[in-house]
Amino acid sequence: MSSENDATTGHGYIDDKNQYLQRMKRIEGQARGIAKMIDEEKYCIDILTQVSALTRALQGVATGLLDDHLKHCVLDAARLSDDAGRAKIQEATDAINRLVRS
């Protein structure tokens, strides 16, 4: 969900957009590599090692986005009003809960 404030000021990650896109392209390549390993019937442990690396890479993107969200979106909303700040904090908490469960 994005607020009107997000639409007018940009998302917190916007300054790092190119870095995030580069990271996601590498992650996409890792996922293709894992599929190729499976297709080529590589050793299970080698595949699991690559899955673990892919998971860590995705977690790095997620925590970076969360950090940007807290530093920009949540902080900006809190400056506007207590209610907006609380809503953004709840939104971040919900996102953290989803990340922890995954």
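Trainee: How many salt bridges does a search of the whole structure find?

Mentor: Seven. A salt bridge here is a side-chain nitrogen of Lys or Arg within 4 Å of a carboxyl oxygen of Asp or Glu. The model is predicted, with local features needing pLDDT of at least 70 and side-chain atom pairs pLDDT 80 or more, while totals for chains, interfaces and linings use all residues. Residues are numbered from 1 along each chain as its sequence is written, and side-chain values use heavy atoms, leaving out hydrogens and water.

Trainee: What makes Lys-42 and Glu-40 a salt bridge?

Mentor: Their closest N and O atoms are 3.8 Å apart. The limit is 4 Å, so the pair counts. Lys-36 belongs to the picture too: Lys-36, Glu-40 and Lys-42 are linked in a network of salt bridges.

Trainee: Why is Lys-42 called partly exposed?

Mentor: Its relative accessible area is 42%. Buried means under 20%, exposed over 50%, and partly exposed in between (1.4 Å probe, protein chains only). Glu-40, at 41%, is therefore partly exposed as well.

Trainee: How do you know that Asp-76 and Arg-79 meet in a salt bridge?

Mentor: The N to O distance is 3.7 Å. That satisfies the cut-off for the term. Both residues lie in helix α3, three residues apart, so about one helical turn separates them. Asp-76 is partly exposed at 26%. Arg-79 has 62% and is exposed.

Trainee: Which side chain does Glu-91 meet in a salt bridge?

Mentor: That of Lys-88, at 3.4 Å from N to O. The two share helix α4 (residues 82-101) and sit three residues apart, about one turn of the helix. Helices are DSSP runs of H or I, at least four residues, and strands are runs of E, at least two; both are numbered from the N terminus.

Trainee: Is Lys-88 buried or exposed?

Mentor: Buried, because its relative accessibility is 8%. Its partner Glu-91 is partly exposed, at 22%.

Trainee: How do you know that the length of helix α2 agrees with its residue count?

Mentor: The expected span is 1.5 Å times one less than the number of residues. Helix α2 has 23 residues (17-39), so it should span 33 Å. Its end C-alpha atoms are 33 Å apart, which agrees. After α2 comes Glu-41, with a positive phi near 55°.

Trainee: Which residues of α2 are buried?

Mentor: Tyr-20, Ile-27, Ile-34 and Met-37. The buried residues of α2 pack against α3 (44-80).

Trainee: What makes up the largest nonpolar core?

Mentor: Seven residues: Tyr-20, Ile-27, Ile-34, Met-37, Ile-47, Leu-54 and Val-61. α2 and α3 each supply at least two of them. α2 gives the most, with four. A nonpolar core is a set of buried Ala, Val, Leu, Ile, Met, Phe, Trp, Tyr and Cys residues joined through side-chain atoms within 4.5 Å.

Trainee: Which residues does Leu-54 contact, leaving aside neighbours within four places in sequence?

Mentor: Ile-27, Gln-30, Ala-31 and Ile-34. Contact means heavy atoms within 4.5 Å.

Trainee: How many disulfides does the structure hold?

Mentor: Zero. A disulfide needs a pair of cysteine sulfur atoms within 2.5 Å.

Trainee: Why is Cys-44 called exposed?

Mentor: Its relative accessibility is 56%, so it counts as exposed. Cys-73, at 8%, counts as buried.
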